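Let's take a walk through a protein together and see what its atoms are up to. Keep the picture open while you read.

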Amino acid sequence: KESQHKMSINAYRTLLRQRQAACLLYQSEPLLLMIPRLEAEIESQQLCMRPDKCPHADVGIKHDILESLLHSYHPLWLRLGLEVVFGEVIQVGSNDSITQVLGSFLSDRLLKNCQIVDTYSHPTAPHSFREGYSLAVSQYIVKKFILLVVFLDQAKLTRLIDHDPCLFQLTSLIKSSRDMLQAFSSKYLAGEGDIIKHLLHMGFAVTQTQTTLDEYDYAVTNLAVDLRDGLRLARLVEVLTCNWKLSKQLRVPAATKMQKLHNIQIALKALEEHLPLPAGVTAESIVEGHKEKSLTLLWSIIFHFKVKLMLSEEDLKEEIGHLKRQKRVYGIHNRSTDELLALEPNMFFEPTLSLLLQWCKAVCVLYGVSV
């Protein structure tokens, strides 16, 4: 229970940090300058919905707009975008379906607006509205829909979510912000030839396109096979070094040996900028699925990027000194145990790892175990 509580606190802090970063992005100068231009275009009906499309009255249109958002965008991105564009926190309980929660929010906030309803409600006829209501609702939907798509495009570009999931769902037919806007424009907007050019004229530029590499499953289940194409190894190097340009140089799909060698060489070259490669580890050996050399490479990466962060050289030296004193207390003075504490020359490049090996030997000597 305690660990679950800690996880929930960490998840809440992560979400709070993402919301803060998203708000800062939405309030940044580029978007602040673009939003008034969009509002002016909509007010002047340069961007407007077709007269035969009435989202407030047509159940089919409501359903289509909801489906286009819920079944296209990843729920984590969609939730973050809706919270920022509408200025509200969307609460999702532990037993709630995030898709249902987001669907209800879209129905209540995107396809309805209480302020517009109050403004245009007929004073004497219940559930009736004065002239101008349909136009006001249509303008509101167009504005919020475009802002949501543009903001999510910018949010994905700046990697607001730490683990950076795909912007669009894997099963979605829409894979880019451009396609989302053009689909909405062709169905609902009046006299709009190319909405991308129209938005670009106002300062809105959408660039996100989800590729096959973005949807690649990076999970490793078999070392003899899963590292051979170089895609997973390159992704690992990207995450550890924060060099996000490697993926653009990869060849996907890597069907031939030459393509796999190309990908592995890119990953190893980037890795060599941070640590020396283990002896005998080459692109050829990884492509051929050499398990021992693949493991050697992975352990080198772990030691360099993770172990050094967790170990303190001062603490290790102090502990080794304490263990050696314990050795004398227990009367262990024979030559064989002294040899156990000897460190093979040049075994590790990193002094921290050499100290770690010395500590392991010092502990095992007390139990007569050779390391």
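## Hollow spots first

There is one cavity of 30 Å³ or more here. A word on terms: on a 1 Å grid over the protein atoms alone, a cavity is a set of points where a 1.4 Å probe fits but cannot get out, while a pocket is an open set with protein on both sides within 12 Å along at least five of seven lines, and lining residues have an atom within 4 Å of a point. Grid points are joined across faces, edges and corners, and a volume is the space filled by probe spheres set on the points.

Before going further, keep in mind that this is a predicted model, where local features need pLDDT of at least 70 and side-chain atom pairs count only at pLDDT 80 or more, though totals for chains, interfaces and linings use all residues. Residues are numbered from 1 along each chain as its sequence is written, and side-chain values use heavy atoms, with hydrogens and water left out.

Back to the cavity: the largest one holds about 30 Å³ of space. Its lining is made of Leu-111, Lys-112, Asn-113, Ile-116, Val-117, Tyr-133, Val-137 and Tyr-140. Helix H6 (114-120) and H7 are the elements that give two or more residues to this lining, and H7 gives the most, with three residues. Helices (H or I, at least four residues) are DSSP runs, numbered from the N terminus. By type, the cavity lining divides into six nonpolar residues, one polar and one charged. Here Ala, Val, Leu, Ile, Met, Phe, Trp, Tyr, Cys and Pro count as nonpolar, Asp, Glu, Lys and Arg as charged, and the others, Gly among them, as polar.

Now for the open space. The largest pocket has a volume of about 820 Å³. It is lined by 25 residues, and Lys-156, Arg-159, Asp-164, Asp-214 and Arg-235 lie nearest its centre. That lining splits into ten nonpolar, six polar and nine charged residues. H7 and helix H11 (231-241) each supply at least two residues of it.

## The loop after H7

Which residues sit in the loop between helix H7 (133-157) and helix H8 (177-188)? Thr-158 is one of them. The table shows how accessible four residues of this loop are; buried means under 20% relative accessible area, exposed over 50%, and partly exposed in between (1.4 Å probe, protein chains only).

| Residue | Relative accessibility | Class |
|---|---|---|
| Thr-158 | 42% | partly exposed |
| Arg-159 | 26% | partly exposed |
| Asp-164 | 11% | buried |
| Ser-176 | 5% | buried |

Thr-158 has a polar atom in its side chain that lies 3.1 Å from the backbone oxygen of Ala-155. Arg-159 has a positive phi near 55 degrees, though it isn't a glycine. Asp-164 is in a similar spot: its phi is positive too, about 50 degrees, and it is not a glycine either. Ser-176, leaving aside its neighbours within four places in sequence, is in contact (heavy atoms within 4.5 Å) with Phe-168, Gln-208 and Thr-209.

## Rings that pair up

Rings of Phe, Tyr and Trp (its six-membered ring) pair if their centres lie within 6.5 Å; planes under 30 degrees apart count as stacked, over 60 as edge-to-face and the rest as tilted. By this rule, there are eight aromatic pairs. One of them is Tyr-73 with Phe-168, a stacked pair at 4.9 Å centre to centre and 20 degrees between the planes. Tyr-73 lies in the loop between helix H3 (59-70) and helix H4 (75-86) and Phe-168 in the loop between H7 and H8, so the pair ties together parts that are 95 residues apart in sequence. Both Tyr-73 and Phe-168 are buried. Elsewhere, ring pairs link Phe-145, Phe-184 and Tyr-188 into a cluster.

## H11, H12 and the loop between

H11 has these buried residues: Leu-231, Arg-232, Leu-233, Ala-234, Val-237, Glu-238 and Thr-241. Just after H11 comes Cys-242, with a positive phi of about 60 degrees. Pro-253 is in the loop between H11 and H12, and the peptide bond that leads to it from Val-252 is cis, with omega near -5 degrees.

Is Asn-263, in helix H12 (residues 257-272), buried or exposed? Asn-263 counts as buried because its relative accessible area is 0%. Its side chain reaches the backbone oxygen of Asp-229 at 3.0 Å. Leaving aside neighbours within four places in sequence, Asn-263 touches Asp-229, Gly-230, Leu-231, Leu-250, Arg-251 and Ala-254.

Notes
A polar contact is a pair of N or O atoms within 3.5 Å; within protein, one must be able to donate a hydrogen and the other to accept it, and residues adjacent in sequence count only if both atoms are side-chain atoms.
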